[in-house]
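Hi,

Here's the structure I promised to pass along. Have a look at it first, and my notes follow underneath.

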Amino acid sequence: MPLLDIRNLTIEIETPQGLVKAVDKFSLTLADGEIRGLVGESGSGKSLVAETIVGIAKDTWRVTADRMYLDNIDLLSLSHKERRRIMGRDIAMVFQEPSSCLDPSERIGAQLEEAIPERSFQGKWWQRWRWHWRRKQATALLHRVGIREPKAVMNAYPYQLSEGVCQKVMIAMAVANQPKLLVADEPTNAMEASNQAQILRLLERVNKLSGTTILLISNDLTTFARLTDNITVMYCGQAVESGTREQILTRPRHPYTAALLQMMPDLDGSLPHKSRLNILPGVIPPLQSLPIGCRLGPRCPKAQKQCVITPPLAKIKGQTYYCHFPLNMPEGKSK
Amino acid sequence: MLRYLLRRLGLLLTTLLVLTLVAYLLEFKLLEDAQSDFMTGYLAFLQQLLAGDFGISSATGLPVLGAIGQYFPATLELCLAAFTISLLVGVPTGTLAALRQGRWQDTLILTGTLIGYSVPVFWLGLLLVMFFSLHLGWLPVSGQLSLLFEIEQVTGIMTIDTLLADSQYRWPAFLDAVRHLILPALVLAIVPTTEVIRQTRSALLEVLKQNYIRAALTKGFSETQVILRHGLRNAFPMAIPTLGLQFGTVLTSAIMTEIVFDWPGLGRWLVSSIALQDYAAIKGGTLAIATFTIVASSAVEVLSTLIYPARRRAIYVRQG
Amino acid sequence: MSGRANIYPELHVRSPREQAWELFRKNTLGMIGLWGLGLLSLLTLLAPWLAPYAPYEQFSQALLMPPSWADEGNIDFFLGTDDLGRDMLSRLVFGARLTFGNAVLVVLVALLAGGCIGIVGGMSKGFKASILNHFLDTLLSIPSLLLAIIFVAILGPGLFNTLIAITLALTPQFTRAIYNAVSDEMQKEYITALRLDGGTRWRILRFGVLPNLSDTIVSQTTRGLSAAILDITAVGFLGLGAQPPRPEWGAMLSDAMDLVYLAPWTVTLPGLAILLSVLVVNMVGEGLRQAINEVMD
């Protein structure tokens with residue numbers, strides 16, 4: 001039973017130039033307890049997907065999907081209010097630029113206490129009326145995310161803290177109500193390497209200790225590939241390929257995935273001096289003028305006439321991809 | 001923090017000093033024969049001011065300072081009433097407009113503020129007098145209190161004085177004072193109310209775009225909860241300094257309102273002094289109104305900084 | 001289409017100005033305001049040819065005649081007459097010159113003067129800028145109408161003196177707005193880049209700062225224009241501006257104060273004229289500000 005099941009999610013955005021299909025027929029299935037990586041360049045629509053999942057879509061978006069289930073609850077059929085409630089209970093999100101996600105006019109402690117739900121109270125019933133159980137719990141939470149001086153941080157305002165600490169606080173707030181799903185949208189963007197490693201380790205621990213499913217979104221395969229169980233690759237609003245970590249890293253079927261992997265510069269010196277980097281020709285097309293068929297078509301080194309038709313979903317050993325001419329195919333099976 | 005307060009105080013004093021300089025220039029220009037040496041004249045003028053000597057009114061032969069003390073409370077009463085009305089009406093209306101951005105409620109409110117912003121205050125006063133006082137006869141035409149009542153002046157604010165008065169007619173007198181206050185206060189409130197609505201709306205819209213609002217929404221709170229808890233509290237410090245600047249506008253409108261309603265305040269006194277060419281009174285009245293404006297808007301700014309820590313940060317950054 | 005590097009030729013990228021204009025045209029209120037403003041300008045320019053009578057002509061047989069739609073009204077005097085038998089419509093049309101026309105003049109002068117000081121102040125740093133700052137703060141802390149009244153008190157009553165006074169009172173506002181915009185712009189990275197490229201002050205001003213001032217100028221001009229109309233009429237109403245026989249709208253109003261009960265239209269109509277002209281200015285200003293803001297975002 002998957003925790004999150006999304007089929008053919010389409011997000012259209014109203015712009016002055018008319019409706020733009022920013023995400024096209026995107027499908028995603030998350031198993032309980034996995035860490036899923038969602039990779040794509042900026043503008044590929046991965047943040048839109050994340051924001052739709054946690055339910056903060058803007059008024060100018062039109063979201064449609066064939067199926068959107070969270071743990072047997074049909075999210076599409078819920079009223080706005082019920083959906084809000086489910087989101088608050090079962091899903092949490094960690095954003096990029098954490099310092100801007102904390103209310104600048106309130107102390108960290110108060111914000112953290114706000115995030116602690118009533119039901120997480122443990123103790124005798126008469127103690128419920130003593131306000132400091134929240135404070136205690138908040139301190140414990142900060143401890144859990146690896147902040148050494150919880151007291152000082154609780155009394156601080158967001159602008160007094162570094163980005164790394166802010167992100168830890170955000171994670172503490174996210175795990176406060178023990179969500180089933182944690183969506184992390186480029187949580188280590190613009191952070192120093194040591195902070196980055198800390199945050200990623202923290203996310204891994206959250207996953208291992210409380211079994212929280214994590215959807216980890218990034219534009220960079222290198223930093224977090226080792227963390228994930230499965231990886232989905234997005235390009236221009238379409239999921240191009242999805243599979244286990246080994247499959248994606250060692251046997252990519254889609255040319256875009258292969259290109260992404262080659263783009264990581266090898267520091268072992270295999271790249272000859274002053275040679276060109278391995279990048280795809282061309283640029284990411286603007287959303288107003290997307291190519292028909294396979295959206296990678298014009299940039300794909302393997303493109304053929306057939307690529308003007310949208311490729312159907314293909315599946316080999318649990319690895320799914322959308323391509324007419326997949327790479328790394330076992331003998332006898334390739335077309 | 002102390003450094004900031006001292007800085008702000010320094011700024012306030014400098015501004016007041018420049019103000020006296022302007023006032024002195026005014027006098028210097030008018031009485032060119034008085035003193036030939038500019039600097040010594042200015043210093044003497046400053047000394048006079050510090051000693052509380054604002055000169056003698058040529059119209060009444062009485063000290064100007066006393067006249068200011070006599071007329072100021074009435075103006076203050078009118079302005080405070082108008083400000084209260086504008087806050088009570090403006091903040092909820094502005095919040096509503098921001099929450100319904102782009103829908104018909106928003107359009108309606110914005111159109112309303114546009115009209116309110118464009119109405120000449122004195123004309124609106126006349127219209128209201130025509131309708132409520134002359135046509136319907138509900139409210140008095142002008143003045144601060146009916147002549148039937150004899151109230152001893154304590155604070156000069158009539159609604160308080162009538163309550164303090166030791167007389168059996170205390171309540172009727174109070175009600176009468178309130179009835180006199182309604183129309184001028186409403187007229188005076190129009191401009192600041194539109195400003196409060198617009199400032200609240202735009203500040204709130206600015207805040208609602210921020211990441212922390214979106215982050216708070218993912219925690220499962222309803223929009224209303226998030227806006228009340230995180231929205232308004234961050235919008236106010238953005239809106240308040242501009243509201244402080246409104247004191248000036250209110251005082252100007254107060255001059256017009258006082259004339260239309262024959263309200264015994266500073267503005268009416270100032271204009272009649274101009275008509276009488278009573279220069280000492282003009283100078284004194286101007287200094288009083290301008291000082292009041294400057295002090296009030298500085299006080300608002302300092303207060304908002306003390307209350308809202310996010311503004312403190314801006315100071316830290318500026319200080320490097 | 002210059003499209004040398006443009007790989008999507010079917011995609012026409014419009015300039016910010018075109019986009020703003022496009023947005024403004026969709027704004028119904030703004031367009032109504034623009035038409036109203038055009039009409040008002042036409043009235044101001046063509047007053048002698050549009051008005052049925054001369055503004056001072058007295059018809060002694062038609063004193064205090066109500067507007068033509070009232071029972072005692074007469075179509076010869078469409079908006080009625082005042083206590084001296086002068087045609088209200090003609091007086092209002094000529095009044096547009098005195099009130100609106102003068103307001104436009106005042107704002108243009110204040111914009112030029114304030115703009116120059118503001119640009120010079122905004123481009124300079126240190127002591128000079130600090131002095132300007134304090135001086136402006138002081139002047140701005142005195143409301144513009146009060147400032148105008150004080151200047152009139154020094155110069156003596158009269159329309160011309162009022163105009164000078166209001167120009168003097170508005171200039172600090174323009175200076176302040178443009179000073180702030182320029183010094184904000186000067187802090188931005190691309191100006192630093194221009195300076196590092198060895199751009200002269202004039203070059204920085206011409207290509208870096210000035211093109212980005214248009215929204216400040218637009219919003220400040222419309223704001224100043226509505227303030228100027230309100231101030232001119234207010235001073236006129238106080239009896240310090242244009243003197244009675246002249247059909248300045250504020251002066252007409254104060255002239256008719258005693259007639260409130262007898263002939264309400266003599267009070268309502270000039271006020272309505274003021275309200276409408278300020279309203280159209282504000283509608284245009286608001287529409288332009290919205291459009292520019294939306295394009296900037």
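Starting with chain C: reading from the N terminus, its elements go α-α-α-α-α-α-α-α-α-α-α. That makes eleven helices and zero strands. Before you go further, keep in mind that this is a predicted model.

Some overall numbers for chain C. Its C-alpha atoms fit a box of roughly 75 × 55 × 30 Å along the principal axes. The chain has 297 residues, and 45% of them count as buried. I also looked at how far apart in sequence the contacting residues sit: taking contacts in chain C between residues at least 6 apart, 69% link residues at least 24 apart.

Chain A has another make-up, with ten helices and 13 strands. It runs to 335 residues, of which 40% are buried. For its contacts with a separation of 6 or more, 65% come from residues 24 or more positions apart.

Now the interfaces, which is probably what you'll open the viewer for.

Chain C with chain B: 34 residues of chain C and 36 residues of chain B take part in this contact. On the chain C side, the elements that supply two or more residues are helix 4 (127–141), helix 5 (144–155), helix 9 (214–237) and helix 11 (265–296). Which of the helices gives the most to that side? Helix 11 of chain C does, with nine residues. As for the chemistry, the chain C side breaks down into 25 nonpolar, seven polar and two charged residues.

Chain A with chain B: here the contact draws 21 residues from chain A and 18 residues from chain B. Two or more residues on the chain A side come from each of helix 2 (80–90) and strand 7 (91–94) of chain A. Helix 2 of chain A is the top contributor to that side, with six residues. By class, the chain A side has twelve nonpolar, three polar and six charged residues.

If you want to put the two chain B contacts next to each other, here's the short version:

- Chain C side: 34 residues, with 25 nonpolar, seven polar and two charged.
- Chain A side: 21 residues, with twelve nonpolar, three polar and six charged.

One last thing on how I've described these: I've stuck to residue counts, though the size of an interface is often given as the accessible area lost when the parts come together.

Shout if anything looks off when you load it.

Cheers

How values were computed:
Residues are numbered from 1 along each chain as its sequence is written. Chains are lettered from A and ligands numbered from 1 in the order in which they are written. This is a predicted model: local features need pLDDT of at least 70, side-chain atom pairs count only at pLDDT 80 or more; totals for chains, interfaces and linings use all residues. Two residues are in contact if their C-beta atoms, placed from the backbone, lie within 7 Å. Helices (H or I, at least four residues) and strands (E, at least two) are DSSP runs, numbered from the N terminus. Ala, Val, Leu, Ile, Met, Phe, Trp, Tyr, Cys and Pro count as nonpolar, Asp, Glu, Lys and Arg as charged, and the others, Gly among them, as polar. A residue is buried if 20 or more other C-beta atoms lie within 10 Å of its own, exposed if 12 or fewer, and partly exposed in between; C-beta atoms are placed from the backbone.
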